[in-house]
Amino acid sequence: MEIKSAEFVMSNSDVAKCPKNPLPEYAFIGRSNVGKSSLINMLTNRKSLAKTSGRPGKTQLINHFLINANWYLVDLPGYGYARVSKSSKKTFQKFITDYFRQREQLVSAFVLVDIRHEPQSIDLEFMAWMGENGIPFSIIFTKADKLKPKAIEKHIADYTAIMLQTWEEMPNYFVTSSSKHIGKDHLLNYIQQINDQ
Ligand code: GTP
Ligand code: MG
């Protein structure tokens, strides 16, 4: 899919105030600093459409971006950046869980995980929560530029083995690097395929 236009529409912390039209949308979620906003910029060929930062906690609101005037990408705040709470479960902010539970336009979510890290309990908990709530998602392994191809293969095999302890099958997944533009076509074609159905 070619991205002809990408525009910021709105930010807010209330799912009831998100755009009212029925266009399909795809949301990016994952730990703070995993690369959600960078991935949106990579997909849309824009350097700073979504705001990024080396410090976790940059994105604080639900951000809608209108793509090709007919679907949305949604950038969300990260979870797991717990300065206060000890229980990881409490770090899923309510407006984010409300978004996932209530947003009828959501077609699919992408749960981003850093390809360098072993499965983290907060990611596994979040994916379990998505499963319990019947919210479709794929996994995106980010920052693939940080590992060699063999290490990527091994990491995915190890990740899959852990997922299969609780899931019947490994969810659909993608390998990406926003800095090296890896995985862009694969991801956009996937979205296009769903939009065309
Ligand atoms: P929050 O909004 O804070 O939850 O973070 P985020 O998930 O939106 O992460 P963001 O896109 O702001 O990126 C966090 C940091 O990771 C920044 O310093 C980015 O430059 C870096 N980063 C993002 N994607 C990649 C990538 O593919 N490769 C490398 N090497 N660094 C990346
Ligand atoms: Mg962000």
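Start by selecting G80, which you will find in the loop between β4 (71-75) and α2 (94-102); as you look around, keep in mind that this is a predicted model. Is G80 buried or exposed? It is buried, because 20 other C-beta atoms lie within 10 Å of its own, and 20 is the number at which a residue counts as buried. Now add K154 to the selection, a residue 74 places from G80 along the chain, and you will see that the C-alpha atoms of the two are separated by 25 Å.

Next, move to helix α1, which spans residues 36-44 and is mostly covered, since nine of its nine residues are buried. If you step through the helix, the buried residues include K36, S38 and N41 as well as L39, I40, M42 and L43. Just after α1 comes N45, where the phi angle is positive, near 60°.

From there, turn to the largest nonpolar core, which has 38 residues, and select F28 and V111, the two that touch the most other members. The elements that give two or more residues to this core are the helices α1, α2 and α3 (121-132), together with the strands β2 (25-30), β3 (62-67), β4, β5 (106-114) and β6 (137-142). If you colour these elements separately, look for β5, which supplies the largest share of the core with six residues.

Finally, centre the view on F28 and ask which residues it is in contact with, leaving aside its neighbours within four places in sequence. You will find K36, L39 and I40, then V74, D75 and L76, and also F110 and L112.

Conventions: Residues numbered from 1 in each chain as written. Chains lettered and ligands numbered in written order. Predicted model: local features only at pLDDT ≥ 70, side-chain atom pairs only at ≥ 80, totals over all residues. Buried ≥ 20, exposed ≤ 12 C-beta atoms within 10 Å, placed from the backbone. Helix = DSSP H or I, 4+ residues; strand = E, 2+ residues; numbered from the N terminus. Core = buried A, V, L, I, M, F, W, Y, C linked by C-beta atoms within 7 Å. Contact = placed C-beta atoms within 7 Å.
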